[in-house]
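Welcome to a short guided tour of one protein chain. Please take a moment to look over the sequence and the 3D view, then read on with both at hand.

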Amino acid sequence: MAYSIGEFARLSGITATTLRAWQRRYGLLKPQRTEGGARRYTLRDVARLAQAQQLSQDEGINLAGVTHILSLQEENRQLRRQ
């Protein structure tokens, strides 16, 4: 299932403007795009954002650090698949 940015914002409790800024500034989320350029978020994006929120709010890690941690986790998953 794919969510529009509005639906994703409602699910996450974060405004669409903030989501766009995080994507632009930190690369925290990398949504798929429609042919028209609209963002489409998946359940994997929902899980990634939830983990980012947990790291940021509960652990006190800034968004640059969160992005780095999540990138390392993704790299680790890819290496395991190989």
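Is R77 buried, partly exposed or exposed? With a relative accessibility of 36%, R77 counts as partly exposed, because buried means under 20% and exposed means over 50%. Please keep in mind throughout that this is a predicted model.

**Helix α4 and its two sides**

R77 lies in helix α4, and so does E74. Helix α4 runs over residues 63–81, which makes 19 residues. At 1.5 Å a residue, a helix like this should span 27 Å, and the C-alpha atoms at its ends are indeed 27 Å apart, so expectation and model agree.

Which residues of α4 are buried? They are L63, V66, T67, L70 and E74. Around the axis these residues cover an arc of only 100°, so they sit on the same side of α4. An α-helix has 3.6 residues a turn, so residues three or four places apart point the same way. The other side of α4 holds H68, L79 and R80, which are exposed. If you follow the buried residues of α4 outward in the viewer, you will find them packing against α2 (16–26) and α3 (43–59).

Have a look at the start of α4 as well. There, a side-chain oxygen of N62 comes to within 3.3 Å of the backbone nitrogen of A64.

**E74 and its salt bridges**

E74 deserves a stop of its own. This residue of helix α4 counts as buried, because its relative accessibility is 18% and the limit for buried is under 20%. Leaving out residues up to four places away in sequence, E74 touches R44 and R81.

How many salt bridges are there in the model? The count comes to three. They are set out below, with the distance between nitrogen and oxygen and the accessibility of the arginine partner.

| Salt bridge | N to O distance | Relative accessibility of the arginine |
|---|---|---|
| E74 and R44 | 3.0 Å | R44: 48%, partly exposed |
| E74 and R77 | 3.0 Å | R77: 36%, partly exposed |
| E74 and R81 | 4.0 Å | R81: 57%, exposed |

Together, R44, E74, R77 and R81 are linked in a network of salt bridges. Why is the pair of E74 and R44 worth a second look? E74 belongs to helix α4 and R44 to helix α3, so their salt bridge ties together parts that are 30 residues apart in sequence. R77 and E74, by contrast, are both in helix α4, three residues apart, which is about one turn of the helix.

**Helix α2**

Now turn to α2, one of the helices that α4 packs against. What are the buried residues of α2? They are A16, L19, W22 and Q23. Viewed down the axis of α2, the buried residues fall within an arc of 125°, so they line one face of the helix. On the face turned away from the buried side you will see the exposed residues T17, R24 and R25.

The buried residues of α2 pack against several elements: α1, β1 (32–33), β2 (39–40), α3 and α4. T18 also has its place in helix α2, and this residue counts as partly exposed because its relative accessibility is 28%. Between the C-alpha atoms of T18 and A2, which are 16 residues apart along the chain, the separation is 19 Å. After α2 comes G27, with a positive phi near 65°.

**The nonpolar core**

Finally, let us look inside. The largest nonpolar core has 17 residues, and F8, L19, L28, L29 and L49 touch the most other members. Four elements, α1 (5–12), α2, α3 and α4, each give two or more residues to this core.

Which residues does L29 contact, leaving aside its neighbours within four places in sequence? L29 is in contact with F8, L19, Q23, Y41, D45, R48 and L49. Among these contacts, L19 and Q23 are buried residues of α2, and F8, L19 and L49 are, like L29, among the core residues that touch the most other members.

How values were computed: Residues are numbered from 1 along each chain as its sequence is written. This is a predicted model: local features need pLDDT of at least 70, side-chain atom pairs count only at pLDDT 80 or more; totals for chains, interfaces and linings use all residues. Side-chain values use heavy atoms; hydrogens and water are left out. The expected span of a helix is 1.5 Å times one less than its number of residues. Buried means under 20% relative accessible area, exposed over 50%, partly exposed in between (1.4 Å probe, protein chains only). The arc is that of the directions from the helix axis to the C-beta atoms. Contact means heavy atoms within 4.5 Å. A polar contact is a pair of N or O atoms within 3.5 Å; within protein, one must be able to donate a hydrogen and the other to accept it, and residues adjacent in sequence count only if both atoms are side-chain atoms. A nonpolar core is a set of buried Ala, Val, Leu, Ile, Met, Phe, Trp, Tyr and Cys residues joined through side-chain atoms within 4.5 Å. A salt bridge is a side-chain nitrogen of Lys or Arg within 4 Å of a carboxyl oxygen of Asp or Glu.
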